[in-house]
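Subject: Handover of a structure and its findings

Dear colleague,

Please find below the structure that I am handing over to you. My notes on what was found in it follow directly after.

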Amino acid sequence: MPVDFSGTWILFSNDNFEGYMVALGIDFATRKIAKMLKPQKVIKQDGDSFYIHTTSTFRDYLLQFKVGEEFEEDNKGLDNRKCKSLVTWENDRLVCIQTGEKKNRGWTHWLEGDDLHLELRCENQVCKQVFKRA
Ligand code: ECB
């Protein structure tokens, strides 16, 4: 039975989000608001096709992709930089490499017990988020 990330998830912990946002060049006022948020993720997975909608009271971000197919990502409402993104499977982990102006940018999703884990990387910063089912 392959891994299925589908569901509605609520942010439970968010380690070093500040460092990740600083690495992305997010301004102080925006970081102050962003840190207070408890975003939700709605994930719809159909085989290798993904819809990941991150929503909050401040901003929303929608990403749709197919594993193994590179796509242009515009990070609108986040740091607004464009990059080329490629998501692949590494065993049961979903690994995204975001190639662009920022070095070492990307993220990894995996399931642990009934929790959704997300590691967000940019330059030398790693943010670790854990989500619980809504
Ligand atoms: C969309 C909710 C968060 C809004 C934060 C607003 C401003 C901060 C600006 C930039 C910070 C960078 C990222 C915000 C953190 C999470 C948003 C989505 C991260 C992401 O790439 O998730 C992936 C994997 O689930 C799917 O897009």
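Is Phe-65 buried or exposed, and what is its relative accessible area? Phe-65 is buried, because its relative accessible area is 6% and buried means under 20%. Please bear in mind throughout that this is a predicted model.

I begin with the aromatic residues. A search of the whole structure returned 6 aromatic pairs. In one of them, the ring centres of Phe-50 and Phe-65 lie 5.3 Å apart and the ring planes meet at 10°, so this pair is stacked. The pair connects distant parts of the chain, since Phe-50 belongs to strand S3 (residues 49-55) and Phe-65 to strand S4 (residues 61-66), with their positions 15 residues apart in the count. Phe-50 is buried, as is Phe-65.

Phe-65 also takes part in a stacked aromatic pair with Phe-71, with 5.9 Å from centre to centre and 10° between the planes. Phe-71 has a relative accessibility of 16% and therefore counts as buried. Which residues do the ring pairs link into a cluster? The cluster consists of Phe-5, Phe-50, Phe-65, Phe-71, Trp-89 and Trp-107.

Two charged residues lie over aromatic rings. Arg-93 is placed over the face of Trp-110, 4.0 Å from the ring centre. Lys-132 is placed over the face of Phe-12, at 4.6 Å from the ring centre.

I now turn to the chain as a whole. Its secondary structure amounts to 2 helices and 10 strands, and their order along the sequence is β-α-α-β-β-β-β-β-β-β-β-β. The radius of gyration is 14 Å, close to the 14 Å that the globule rule gives for 134 residues, so the chain is as compact as a globular protein of that length. The C-alpha trace spans about 45 × 30 × 25 Å along its principal axes.

How much of the chain is made up of buried residues? Of the 134 residues in the chain, 42% are buried. The surface that the chain exposes comes to about 7600 Å², and carbon and sulfur atoms supply 51% of that area. As for contacts between residues at least 6 apart in sequence, 40% join residues that are at least 24 apart.

When you open the model, Phe-65 may serve as a point of orientation: this buried residue pairs with Phe-50 and with Phe-71.

With kind regards

Note on methods. Residues numbered from 1 in each chain as written. Predicted model: local features only at pLDDT ≥ 70, side-chain atom pairs only at ≥ 80, totals over all residues. Heavy atoms only, no water. Phe/Tyr/Trp six-rings, centres within 6.5 Å; stacked < 30°, edge-to-face > 60°. Helix = DSSP H or I, 4+ residues; strand = E, 2+ residues; numbered from the N terminus. Buried < 20%, exposed > 50% of the residue type's maximum accessible area, 1.4 Å probe, protein only. Lys NZ or Arg CZ within 6 Å of the ring centre and 35° of its normal. Rg over C-alpha atoms; globule rule 2.2 N^0.38 Å. Contact = heavy atoms within 4.5 Å. Areas by Shrake-Rupley, 256 points an atom, 1.4 Å probe, with all protein chains shown as cover.
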